[in-house]
Amino acid sequence: MPKTALAQKPRISPIDAQAVLAWYDKHARTLPWRVSPQERALGVRPDPYKVWLSEVMLQQTTVAAVQKYFLRFTELWPTVGDLAAAPLEAVLVEWAGLGYYARARNLHACAQAVVERHGGEFPRTAEGLLTLPGIGAYTSAAIAAIADDERVAVLDGNVERVLARYFAVDVPAREAKEDLRAWLQETVPERAGDYAQALMDLGATICAPRTALCMLCPLQPGCMAAAEGNPERHPVKAEKAARPTRHGHAFVIEDKDGDIYLRTRPAKGLLAKMTETPGSEWVGEKMEPTFPFPGEWRHRGQVVHVFTHFRLELEVWSVLAPNTEPLVDGWWADRGELDGEALPSLFRKVLATAGVE
DNA sequence: GATACGTGGGG
DNA sequence: TCCCCAAGTAT
C-alpha cells in the first residue's frame, strides 16, 4: 500500500464504476481487436493473442497508426504459433514505420516463449504475463483484464489522466502512479475488461489531454477537477528535457540497374537490427562528409527527423557506384521492392530525398 | 529512478 | 513552425 502524502488525500466521491460501464455500453469505440460490450455480454471472449498483439502495438502509439499494422500482422500470422515460427527479419519488415523497434524484437521473443514455455497458450494471469518479454505492468494487467476479466487495475496514460482529474491530483503523474493504481484497484468491477477499455476510451475521447468534455462524461458528478472548473490543469506534467540536434550524412548508393545498397544496423541501440542506408555517425556539430569511396557524389537535400530524445539533420548524398567497388557488409535491394525491407521512416525519407521511390 | 527508445497527427 | 503527445518497457 502506498504510504505517500498523496495516499492520504481526501477522496470525497468514489469512482462510479457502473456509470463508467453504462457509458461504455453506449459509446465503446469499434476497433479491429476489440469485442464489443454487447458481444462480451453474450459470452464472446477476445483472442488473447490479438489482445496481446494490439496492446504491444498500442504502447505509446496512436490507435490510428496501429490499425493497419494489426490487420497486416493477423493476416500474415493468425496465431502466436505462426508468429513464433516466422523469422525475426520478417517481423521487423512488417513493423517498420511503427517505431519503438524493441517492441518488435520482444514481440517475437515473447511469441517464442509462449510456444516453448507455455505450450502455445498465453498465461491467464497478469502475474504470469508479466514474466514475458515486452510485457510490463500495464500490458500484463490489460491482457488479463480484457481477455479473462481478471479484476486488476489497468493503468495507462489515459486512465492516469482520468484519475488525476477526478481526484484533482496536483503532483506529477509519475509520482502519483502507485497511489492511482491502488485507488483504481478498489473500484474494479466484475466486468474488469470492459471497465479497463471504458476508462481508456473515456480518456481518449472525453477526458482528452487538451480538452475535457465534462458535459459528456459519466464521471463528471464526482470529478474534483471539473468542480474546480479547469480540468485540463491535471495531470501536472513534469518539465520536458531539452532535445538537442545531431547532424550527419546519409549515402544513397545506386548501381547501374538502380538497385540500392542497404545494410543492417547494429544489434543494440537506436533502430537496432533495422535496415539502413550507409552514413556517417550522428554528432552534435556539423561535419564535412567522409564518403565511403571516391565518386561523383551529388548533394540531394536534407532530412530532418525528430526522435524522442534528439532531433536529427541528415545531409543526403547519392552516387552511382563504380563496378569495382567492394561493398561487403550489406546487400543490393531492388529499388521497386523496398517495401520488403525493414526500413524505418527515417531511411524512407532519406531515399525519397535522393529520388528513390 | 532516470534515461533510451519512433513516429505521425493535431493544435 | 513547433510543441505536445499516444493503450510503456527495459535497463
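This is a short talk on the pockets of chain A and on how the chain meets two DNA strands.

Okay, one thing up front: what you're looking at is a predicted model. Chain A has 357 residues, and 49% of them count as buried. You'll find 14 helices and six strands in the chain. If you drew a box around the C-alpha atoms along the principal axes, it would come out at roughly 75 × 45 × 35 Å.

Let's start with the pockets. The largest pocket holds about 1,500 Å³ of space. It is lined by 48 residues, and the ones closest to its centre are Leu 58, Gln 60, Asp 156, Gly 157 and Asn 158. As for which elements build that wall, α3 (48–58), α9 (137–148), α10 (157–166), α11 (173–185) and α12 (192–205) each put in two or more residues. The biggest contributor is α12, with six residues. In terms of chemistry, the lining splits into 19 nonpolar, 13 polar and 16 charged residues.

Now the second largest pocket, with a volume of about 500 Å³. Here 22 residues make up the lining, and closest to the centre you have Gly 99, Tyr 100, Tyr 101, Phe 307 and Thr 308. Two or more lining residues come from each of α7 (102–118), β4 (298–306) and α14 (345–353). Of these, α7 gives the most, three residues. The class count for this lining is 11 nonpolar, nine polar and two charged.

So where does this pocket sit relative to the domains? It lies between domain 1 (6–233) and domain 2 (245–353), because both of them give residues to its lining.

On to the DNA, and strand C to begin with. There are 27 residues around strand C, and Gly 134, Thr 139, Asp 156, Asn 158 and Pro 209 come nearest. You may remember Asp 156 and Asn 158 from the list of residues closest to the centre of the largest pocket. Helices α3, α9 and α10 each supply at least two residues of the surface near strand C, and those three also turned up in the lining of the largest pocket.

What does the protein touch on strand C? Of the strand C atoms within 4 Å of the protein, 65% belong to sugar or phosphate, and the rest to bases. Two of the phosphate contacts use the protein backbone: a backbone N or O atom of Gly 134 is 2.5 Å from a phosphate oxygen, and a polar backbone atom of Gly 157 is 3.2 Å from one. On the base side, an N or O atom in the Glu 55 side chain sits 3.2 Å from a base nitrogen. By class, this surface has 10 nonpolar, nine polar and eight charged residues.

Last up is strand B. It has 20 residues around it, the closest being Leu 271, His 305, Val 306, Thr 308 and His 309. Sugar and phosphate make up 58% of the strand B atoms that come within 4 Å of the protein.

Which side chains reach base nitrogens of strand B? Thr 61 does, with a side-chain N or O atom at 2.9 Å, and so does Arg 210, at 3.3 Å. His 309 goes for the phosphate, with a polar side-chain atom 2.6 Å from a phosphate oxygen. The elements giving two or more residues to this surface are β4 and α14, both of which we met in the lining of the second largest pocket. The surface near strand B divides into nine nonpolar, nine polar and two charged residues.

That's it from me.

Key: Residues numbered from 1 in each chain as written. Chains lettered and ligands numbered in written order. Predicted model: local features only at pLDDT ≥ 70, side-chain atom pairs only at ≥ 80, totals over all residues. Heavy atoms only, no water. 1 Å grid on protein atoms, 1.4 Å probe; cavity = no way out; pocket = protein on both sides within 12 Å on 5 of 7 lines; lining within 4 Å. Points joined across faces, edges and corners; volume = space filled by probe spheres on them. Helix = DSSP H or I, 4+ residues; strand = E, 2+ residues; numbered from the N terminus. Nonpolar A, V, L, I, M, F, W, Y, C, P; charged D, E, K, R; others polar. Domains from an automatic or database assignment. Near = heavy atom within 4 Å. Polar contact = N/O pair within 3.5 Å; in protein donor to acceptor, adjacent residues only side chain to side chain. Buried < 20%, exposed > 50% of the residue type's maximum accessible area, 1.4 Å probe, protein only.
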